[in-house]
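User: Could you walk me through this protein structure? I am new to reading such models.

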Amino acid sequence: MERLVVESLNHSYGFTEILKDINFELNQGEVLSIVGPSGGGKTTLLHLCAGLLDVEEGEIKNSFQSSAFTFQEPRLLPWKNVIDNIALGLLAKGEDKNEALEKSQQIAIQFGLEKKDFQKFPKDLSGGMKQRVSFSRALVIKPSLLFLDEPFSALDIGLKQELQSHLIELIHQQALTILFITHDLMEAIRLSDRILLLKAEPGRIVKHFKYELPQMQRDNEYIYKESAKILLDKEIIETFELEFK
Ligand SMILES: Nc1ncnc2c1ncn2[C@@H]1O[C@H](COP(=O)(O)OP(=O)(O)O)[C@@H](O)[C@H]1O
Ligand SMILES: [Mg+2]
């Protein structure tokens with residue numbers, strides 16, 4: 001079974017300790033979120049897990065065969081149109097061009113893009129459309145592990161929910177494995193099987209939460225109820241400094 005194991009991980013920038021004694025496992029088919037306040041070390045942790053940053057102390061074992069990313073900013077190539085941006089990864093793997101374009105169109109539709117948008121360039125797309133392209137590009141290659149770094153943060157609440165429901169459909173269809181970084185508790189509850197709470201300065205995991213109900217069955221009522229519950233948790237209050245003064 002493919003898995004990611006993080007053991008006794010520490011990380012510093014200069015003399016500043018950013019992550020301290022991080023331990024967790026991510027198993028195949030699981031959606032694991034790491035939530036915490038901004039500046040708490042979430043992106044640093046994701047970059048270490050993805051091999052974008054060298055591990056200095058501790059260990060990360062990653063046996064997933066392939067991975068893909070979606071970030072807060074879509075990072076599209078400005079000189080390529082929607083479909084060519086999505087097809088990039090497939091073409092880089094040497095996939096037949098027609099097949100790559102066909103698969104790219106299919107996933108684009110699944111993420112709510114329309115045929116009339118396929119030939120558009122990034123400069124002519126709204127923020128939400130760019131993020132649809134970004135998700136499509138990451139998922140079209142069927143990665144065995146998907147890294148998400150706050151990909152919904154810049155979207156308004158309606159768009160957020162729409163893109164999340166497209167992703168949940170794929171989680172259900174393909175048993176995706178996701179490491180999801182966010183400061184938004186509600187979206188973590190919507191998407192995750194498990195949530196780890198990362199407290200800042202230095203970043204350390206102080207609590208775990210588990211959600212057994214399949215993502216497909218979580219309606220707004222469930223999300224709001226669970227959010228209200230978690231917002232009363234002592235560790236959450238301390239970590240996000242929610243004390244009402
Ligand atoms: N390359 C870097 N060099 C020095 N400090 C950094 C670097 N990247 C991030 N930091 C600092 O590390 C801390 C954690 O950052 P980050 O991992 O981006 O947190 P988060 O994603 O939770 O907002 C912040 O204080 C940030 O300023
Ligand atoms: Mg970040």
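Analyst: Certainly. This is a predicted model, and its domain assignment gives domain 1 (1-65 + 145-245) and domain 2 (77-143).

User: How many Å separate the centres of domain 1 and domain 2?

Analyst: The two centres, taken over C-alpha atoms, are 26 Å apart.

User: And how many residues of each domain are in contact?

Analyst: On the side of domain 1 there are 15 residues in contact, and they meet 13 residues of domain 2. Together the two domains bury about 1,200 Å² between them. Of that area, 69% is on carbon and sulfur atoms.

User: What is the count of salt bridges between domain 1 and domain 2?

Analyst: The count is one. A salt bridge joins the side chains of Arg132 and Glu162, with 2.7 Å from N to O.

User: New topic: pockets. How does one find empty space in a model?

Analyst: Rolling a probe the size of a water molecule over the atoms shows where empty space is left. In this model, the largest pocket holds about 200 Å³ of space.

User: Which residues lie nearest the centre of the largest pocket?

Analyst: They are Lys103, Ile107, Val140, Lys142 and Gln174, from a lining of 14 residues. By type, the lining divides into six nonpolar, four polar and four charged residues.

User: Which helix gives the most to that lining?

Analyst: Helix 3 does, with four residues. At least two lining residues come from each of helix 3 (97-110), helix 4 (127-140) and helix 5 (157-174).

User: Which domains does the lining of the largest pocket draw on?

Analyst: Domain 1 and domain 2 each provide at least three residues of this lining.

User: Now the backbone. Is the peptide bond from Glu201 to Pro202 cis or trans?

Analyst: That bond is cis, with omega near -10°. Most peptide bonds are trans. Pro202 is placed in the loop between strand 8 (194-199) and strand 9 (204-210).

User: And Ser8: is its phi positive or negative?

Analyst: The phi of Ser8 is positive, near 45°, and Ser8 is a residue other than glycine. Most residues other than glycine have a negative phi.

User: Where does Ser8 lie?

Analyst: Ser8 is part of strand 1, which covers residues 3-13.

Terms used: Residues are numbered from 1 along each chain as its sequence is written. Chains are lettered from A and ligands numbered from 1 in the order in which they are written. This is a predicted model: local features need pLDDT of at least 70, side-chain atom pairs count only at pLDDT 80 or more; totals for chains, interfaces and linings use all residues. Side-chain values use heavy atoms; hydrogens and water are left out. On a 1 Å grid over the protein atoms alone, a cavity is a set of points where a 1.4 Å probe fits but cannot get out, and a pocket is an open set with protein on both sides within 12 Å along at least five of seven lines; lining residues have an atom within 4 Å of a point. Grid points are joined across faces, edges and corners, and a volume is the space filled by probe spheres set on the points. Ala, Val, Leu, Ile, Met, Phe, Trp, Tyr, Cys and Pro count as nonpolar, Asp, Glu, Lys and Arg as charged, and the others, Gly among them, as polar. Domain bounds come from an automatic or database domain assignment. Contact means heavy atoms within 4.5 Å. Buried area is the accessible area (1.4 Å probe) that two parts lose on being put together, summed over both. A salt bridge is a side-chain nitrogen of Lys or Arg within 4 Å of a carboxyl oxygen of Asp or Glu.
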